[in-house]
Amino acid sequence: MSNVFEESAKLKQALTPIIEKIVDERTRSCLRTYKAKVVTAPDSTTGKCVVQLMGQSGLIDPTTLSLPYSTAVSGVSAGQMVWVATTYNSWRNAVVWQKIDFS
C-alpha cells in the first residue's frame, strides 16, 4: 500500500508546477482582490491611501502600501477593512477599491 502513496506523491510533485503555470497563464488578465486594513485614511492632497495586506492566516503583513484609491473608499478611516484590486497581478496597477462589505 505504501507504494501507491509514494507514487501518488511523486505524481503530484511532478504535476503541480505544470498546473500552476497553466492556471497563471489562463488567469493573468483576471481582476484579483486582496483584503487589506487601512493604516492611513485616504489623503485627497496625495491621492493615496496606506494599507496593509491581510495574510492567508489572517495576520497582517507588516509591509505597508501607499496606493491610489477609488471614490468608494474616500471616506474610510484607519483600522477599517477594504479590498485592494489589481489587474494582470501587477502591483503597479493596484488601487484601494471597495469597502470590505461593498457598502
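Q: Which residue in β5 stands opposite T87?
A: The residue opposite T87 is S90, in β5. Please note that the structure is a predicted model.

Q: How many bridges join β4 to β5, and do these strands run parallel or antiparallel?
A: Five bridges join them, and the two strands run antiparallel. Strand β4 covers residues 81–87, while β5 covers residues 90–99.

Q: And what stands opposite W83?
A: Opposite W83 is Q98, again in β5.

Q: What lies between β4 and β5?
A: Two residues lie between these strands, which form a hairpin. Y88, in the turn, has a positive phi of about 55°.

Q: Let me step back. What is the secondary structure of the whole protein?
A: The protein has one helix and five strands. Along the sequence, the pattern reads α-β-β-β-β-β.

Q: Which strand other than β5 is joined to β4, and by how many bridges?
A: Strand β1, residues 31–43, is joined to β4 by seven bridges. These two strands also run antiparallel. As an example of the pairing, Y34 has V84 in β4 as its bridge partner.

Q: What about β1 and β2: how many bridges are there?
A: Five bridges join β1 to β2, and the direction is antiparallel. Within this pairing, A36 has L53 of β2 as its bridge partner.

Q: How many residues separate β1 and β2 in their hairpin?
A: Four residues lie between the two strands. One residue in that turn, G47, has a positive phi of about 75°.

Q: Is β2 mostly covered or mostly open?
A: Strand β2, residues 48–54, is mostly covered, since five of its seven residues are buried.

Q: Turning to single residues, where is T86, and is it buried or exposed?
A: T86 is in strand β4. The residue counts as buried because its relative accessible area is 1%, and the cut-off for buried is under 20%.

Q: Which residues does T86 touch?
A: Leaving aside residues up to four places away in sequence, T86 touches C30, L31, R32, Y34, W91, N93 and A94. Of these, Y34 is the bridge partner of V84 in β4.

Q: Where is L67, and why does it count as buried?
A: L67 lies in strand β3. It counts as buried because its relative accessibility is 7%, where buried means under 20%.

Q: What does L67 touch?
A: Apart from residues up to four places away in sequence, L67 touches G47, K48, C49, V51, V84, A94 and V96. One of these, G47, is in the turn between β1 and β2.

Q: How far is L67 from C49?
A: Their C-alpha atoms are separated by 5.4 Å, and the two residues are 18 apart along the chain.

Q: Now the loops. Where is S74, and why is it called partly exposed?
A: S74 is found in the loop between β3, residues 60–68, and β4. It is called partly exposed because its relative accessible area is 44%, and that class lies between 20% and 50%.

Q: What are the contacts of S74?
A: S74 touches P42 and Y69, if residues up to four places away in sequence are not counted. In addition, the C-alpha atoms of S74 and Q98 are 9.4 Å apart, with the residues 24 apart in sequence. Q98 is the residue that stands opposite W83.

Q: What can be said about F102?
A: F102 is in the segment after β5. It has a positive phi of about 60° although it is not a glycine. With a relative accessible area of 48%, F102 is partly exposed.

Q: Back to the overall form. What is the radius of gyration?
A: The protein has a radius of gyration of 19 Å, whereas a compact globule of 103 residues would have one near 13 Å. Along the principal axes, the C-alpha trace spans about 65 × 25 × 25 Å.

Q: How much of the protein is buried, and what area is exposed?
A: Of the 103 residues, 19% count as buried. The protein exposes about 7300 Å², and carbon and sulfur atoms supply 56% of that area.

Q: How many charged side chains are there?
A: There are 11 positive and 8 negative side chains, and the centres of the two sets lie 5 Å apart.

Definitions and conventions
Residues numbered from 1 in each chain as written. Predicted model: local features only at pLDDT ≥ 70, side-chain atom pairs only at ≥ 80, totals over all residues. Heavy atoms only, no water. Pairing = 2+ DSSP bridges. Rg over C-alpha atoms; globule rule 2.2 N^0.38 Å. Buried < 20%, exposed > 50% of the residue type's maximum accessible area, 1.4 Å probe, protein only. Areas by Shrake-Rupley, 256 points an atom, 1.4 Å probe, with all protein chains shown as cover. Lys, Arg positive; Asp, Glu negative; His and termini not counted. Charge placed at Lys NZ, Arg CZ, Asp CG, Glu CD. Contact = heavy atoms within 4.5 Å.
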